[in-house]
Each structure stands twice: as C-alpha cells, then as structure tokens.
Amino acid sequence: MPHFTIEYSANLDSRLDIAAVCEVVRKAAVETGIFPLGGIRVRAVRCEHYAIADDRQDYGFLDMVLRIGEGRDLPTRQKAGEHVFQALSKHLDPVFAGSKFALSFDMQINDKDTSWKRNNIHDALKVEATHG
C-alpha cells in the first residue's frame with residue numbers, strides 16, 4: 001500500500017495524457033515520505049460508459065481513490081492527501097481551463113484483519129539500495 005485507482009471519462013483521452021497523470025500521482029506519493037516505495041501502485045481505468053450531470057457529452061471527470069493500510073494518524077493522512085491532490089489538481093489545470101471537468105479524491109483505510117498481500121518488490125528495493 002498505497003494503491004491509487006483512477007477512473008476517468010473516456011472523453012478525456014483527447015485532452016489528457018493518462019500515463020503522465022499516473023506519474024504525477026506516483027511522484028507526489030513518494031514526495032510525502034509516508035508511503036513505502038515498494039508498495040506504491042497507481043492504476044487508471046478508462047470509463048467508456050458514463051453519464052454526468054445533464055448529459056452533455058463534453059463534461060469529463062477523474063475520480064481517484066487511495067487505499068492505505070492502518071497506522072497513520074489523521075493529520076499525517078490529511079497532509080499527504082493534500083500534497084497528492086494539489087499535485088494532481090495543478091497538473092489538470094489545463095483540463096479545467098479548457099472544459100467542464102470534475103476532479104475527486106478519496107482516501108480509504110484498509111482493515112489489516114481483512115486485507116491480504118504478497119509482495120517481493122520491497123526486498124528487491126532493499127537489495128538494490130544496499131548493492132547499487
């Protein structure tokens with residue numbers, strides 16, 4: 001953890017480089033300093049079918065959910081969330097300027113008792129850091 005899932009309206013494809021969006025979010029998550037590097041995941045899901053407001057076809061949306069593990073206090077979560085949201089929001093300024101657009105971001109905490117994981121990326125990063 002953290003795992004970011006981005007859902008976005010398909011009509012953004014012509015206005016947005018979604019790979020660049022994923023990188024902005026990944027980089028901002030690293031910059032917070034509170035997430036283990038080997039746990040960061042950013043994925044984007046294009047929503048082909050959607051309906052927004054009064055159904056004008058030029059409206060777009062990007063909704064991001066962050067799932068994190070337990071153990072961080074509220075001020076730490078808020079500071080990290082604000083940092084990530086501001087980086088993403090700034091990156092999306094041209095989309096806001098050029099169209100009607102909705103951006104949302106929510107953070108959820110996974111219950112450790114009902115969350116299972118298997119990951120050898122952490123070990124690989126430790127070895128790489130030690131041996132270059």
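# A tour of the predicted model

Start with the whole chain on screen: among contacts between residues at least 6 apart in sequence, 83% join residues at least 24 apart. The coordinates are those of a predicted model. Colour by secondary structure and you should find 4 helices and 4 strands, arranged along the sequence as β-α-β-β-α-α-β-α. The C-alpha trace spans about 50 × 35 × 25 Å along its principal axes. Of the 132 residues in the chain, 35% are buried.

**Stop 1: the helix pair**

Select α1 and residues 74-91, which form helix α2. Their axes lie 9 Å apart and the helices pack at an angle of about 150°. Angles over 145 degrees count as roughly antiparallel, and α1 and α2 are therefore roughly antiparallel to each other. Their crossing is right-handed.

Now show side chains at the contact. On the α1 side, select Ala 20, Val 21, Val 24, Val 25, Ala 28, Ala 29, Glu 31 and Thr 32. On the α2 side, the residues they meet are Ala 80, His 83, Val 84, Ala 87, Leu 88 and His 91. By class, this contact holds 10 nonpolar, 3 polar and 1 charged residues.

**Stop 2: a salt bridge within α1**

Keep Glu 31 selected and add Lys 27. The side chains of Glu 31 and Lys 27 meet in a salt bridge, with 3.7 Å from N to O. Both residues lie in helix α1, 4 residues apart, or about one turn of the helix. Glu 31, which is also among the α1 residues that meet α2, counts as partly exposed at 46% relative accessibility. Lys 27 is partly exposed as well, at 48%.

**Stop 3: Arg 46 and its partners**

Next, select Arg 46 and Asp 13. Their side chains form a salt bridge at 2.3 Å, N to O. This pair links distant parts of the chain: Arg 46 is in strand β2 (residues 41-47), while Asp 13 is in the loop between β1 (3-9) and α1 (18-32), 33 residues apart. Is this bridge between buried or exposed side chains, or something in between? Buried means under 20% relative accessible area and exposed over 50%, so Arg 46, at 41%, counts as partly exposed. Asp 13, at 36%, is also partly exposed.

Add Glu 48 to the selection. Asp 13, Arg 46 and Glu 48 are linked in a network of salt bridges.

**Stop 4: Asp 54 and Arg 56**

Move along the chain to Asp 54 and Arg 56, whose side chains meet in a salt bridge at 3.1 Å, N to O. Asp 54 is partly exposed, with a relative accessible area of 45%. Arg 56 is likewise partly exposed, at 49%. The count for the model comes to 5 salt bridges.

**Stop 5: Lys 100**

Finish at Lys 100, in the loop between α3 (93-98) and β4 (101-109). Which residues does Lys 100 touch, leaving out those up to four places away in sequence? Show Arg 15, Asp 58, Tyr 59 and Gly 60; these are its contacts. Even with them in place, Lys 100 counts as exposed, at 55% relative accessibility.

For a last distance, pick the C-alpha atoms of Lys 100 and His 122. The two residues are 22 apart along the chain, and these atoms are separated by 40 Å.

How values were computed:
Residues numbered from 1 in each chain as written. Predicted model: local features only at pLDDT ≥ 70, side-chain atom pairs only at ≥ 80, totals over all residues. Heavy atoms only, no water. Salt bridge = Lys/Arg side-chain N within 4 Å of Asp/Glu carboxyl O. Helix = DSSP H or I, 4+ residues; strand = E, 2+ residues; numbered from the N terminus. Buried < 20%, exposed > 50% of the residue type's maximum accessible area, 1.4 Å probe, protein only. Axes fitted to C-alpha atoms, helices over the stretch in contact; angles between N-to-C directions. Parallel < 35°, antiparallel > 145°, perpendicular 65-115°, else oblique. Left-handed = near helix turned anticlockwise from the far one by under 90°. Contact = heavy atoms within 4.5 Å. Nonpolar A, V, L, I, M, F, W, Y, C, P; charged D, E, K, R; others polar.
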